[in-house]
Amino acid sequence: MASTVKDTGGGPRTDAGSSRVVMRQSLGLLDGAAIAASSTAATSSIGIGLGLMAGVVGLHLPAIMLLAFLPVLAIAGGYGRLNAVEPDAGSSYRWVGRTLSPWLGFLTGWVNTVGTVVFMAYTTTVTGSSVIQLLDLAHVRSVAGLRLDADSTVQCTLLGLVVLVGAALVAVRGLEMAARLQKALLVFEYAVLLGFCGYGLFAGDQPFSLQWFNPFDIPSFGAVAQGMVLAVFCYWGFESVFSVGEEVRDPRDASRAGLLALVVMMLLFLLAGTAFQRVLPIDELADNGAHGLTYFGTKLAHQPLAALPLIALTFSAMASLQSSVIPTARGMYAMGRDRVLGPVWTRLHPRHATPAVGTLLITGIAVLLALASIAIPTVNDLISAAVNAIGIIVALYYALTAIAAAVRFRGLLRTDLAEGLRAVVGPLLGAAALLAVGGYLAWTFYDSADHFELSADNGWFELTVVTLMVVTGLPAAAWARWRRRSPYFQANATGDVNSLVNES
């Protein structure tokens, strides 16, 4: 929510007429694009997601990535339009609450936060595994008598948590430093991806086929639905730039940055999917799952060049940890500002003007969840359980935000047809597509098992994870509504937005 502020030069800003510190507007187009691209983490998605998707859609990785891009692009148009008229750290939480219902808005913010925290907890394991693999290539196979194992959930999680805490501390120092770091990591990652995937297009010995790009050739609707959810998960994160919308100098730059990051992701996914299928037989790609990129690298080059994809994957995982904690802390800041959460979430660092306390609290919650997740025994099970559950959650809150955009800007269909197509029709079609595939996948989870088991391939367990992410928000919303008496519920419920602004 925008505030009237007094410019204090390069330091933190304060509200006009008060001493309350607010976040400074310091980001430009490329900074926002770096945050969005790091949050989307193309290298991690390629390294992990393509192998998982290959087991679902076979030789149609380019087709499923292109198919999933269409509804996400349509929804991005809604995000951009909403941000243009109301840049807010709460982004979808604020927009859905104001337009549709404060209860739906709260749940949108809740599932977004919970899903991101779960992702952070599991990404620590990916990061730790990548670091251990790098140490193995450097012939460091034990530390203090302990043998390092890249498939040990315990070792990978503990090592990844060290990286997570470091990323959070950099985020506390401010977005400028974080954006500079992420741009440097992205340059290296993309250079490696373009080099290896470009070479793989010509060096691979698997016959190329245009059918790889034909979504109608995917064997079943079930495969399309699960592949779509996995692919949407790969695109997830472009909207993180809208959570820092209050810190971008021009709101239009946030919209452009999100769109730029999304298009670049799509092109990289198409390139990587095609290159993977040119180099690797489908069985090899599916069997290597979460290690697809590193295996791909070893097929194309000898050491030490073969280690470059693994280094890029490690950098991507590190960057995605930081770019996950940044928008999540700001979403919680917005919710605390509306008094749906406690005031602790609104405390800004007096020097860096960042939600420092919220950043550290979010990191602490992710640390606790990561430690609890050690109960799931293998890295691949850990990743599979998280990706499937979060994919449905992402489809849900993307759809709600898209519907909010369509409702809010429906008048454009009468006054500006081109803008109406972008801000109303496109988001509605995208929302319908994501709700359809998410709902179908949830049904297949339910129908695939006859008992509950704590296992990543148990459908009831997967569905339980999704359900818990949503229903735990209901008592939290009720507490905010009737115990905290948050103005977010009263003002949004009555449409009295001005009173909400004044009270916040």
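**Close-up views of a predicted model**

V425 is partly exposed, with a relative accessible area of 31%, in this model, which is predicted.

**View 1. A nonpolar patch on the surface, seen around V425 in helix 17.** The patch covers about 450 Å² and is made by L413, L417, L421, V425 and L429. Helix 17, which spans residues 417-447, contributes the largest share of this patch, namely 4 residues. In an α-helix there are 3.6 residues a turn, so residues three or four places apart point the same way. The relative accessible area of V425, 31%, is over the 30% that a residue of a patch must exceed.

**View 2. The largest cavity and the residues that line it.** The model has 3 cavities of 30 Å³ or more, and the largest cavity holds about 520 Å³ of space. Its lining is made up of 41 residues, of which S39, T116, F119, W236 and S324 are the closest to the centre. Sorted by class, the lining of this cavity has 19 nonpolar, 21 polar and 1 charged residues.

**View 3. Helices around the largest cavity.** At least two residues of the lining come from each of several helices, among them helix 1 (29-40), helix 2 (42-57), helix 8 (221-235), helix 13 (308-337) and helix 15 (379-408). Helix 5 (102-137) is also in this group, and with 8 residues helix 5 gives the most to the lining of the largest cavity.

**View 4. Helix 4 and the loop that leads to it from helix 3.** Helix 4 (92-99), another of the helices that supply at least two residues of the cavity lining, is largely enclosed by the rest of the structure, because 6 of its 8 residues are buried. These buried residues are S92, Y93, R94, W95, V96 and G97. In the loop between helix 3 (61-85) and helix 4 is S91, which is buried as well, with a relative accessible area of 5%. Although S91 is not a glycine, its phi is positive, at about 40 degrees.

**View 5. Backbone geometry in two further loops, at P304 and at R485.** Most residues other than glycine have a negative phi, and most peptide bonds are trans. The peptide bond from Q303 to P304 is nevertheless cis, with omega near 5 degrees, and P304 lies in the loop between helix 12 (292-300) and helix 13. R485, in the loop between helix 19 (473-483) and helix 20 (487-494), has a positive phi near 55 degrees. With a relative accessibility of 59%, R485 counts as exposed, whereas S91 is buried.

Conventions:
Residues numbered from 1 in each chain as written. Predicted model: local features only at pLDDT ≥ 70, side-chain atom pairs only at ≥ 80, totals over all residues. Heavy atoms only, no water. 1 Å grid on protein atoms, 1.4 Å probe; cavity = no way out; pocket = protein on both sides within 12 Å on 5 of 7 lines; lining within 4 Å. Points joined across faces, edges and corners; volume = space filled by probe spheres on them. Nonpolar A, V, L, I, M, F, W, Y, C, P; charged D, E, K, R; others polar. Patch = residues over 30% accessible without salt bridge, like charges linked within 9 Å, V, L, I, M, F, W, Y side chains within 5 Å. Areas by Shrake-Rupley, 256 points an atom, 1.4 Å probe, with all protein chains shown as cover. Salt bridge = Lys/Arg side-chain N within 4 Å of Asp/Glu carboxyl O. Buried < 20%, exposed > 50% of the residue type's maximum accessible area, 1.4 Å probe, protein only.
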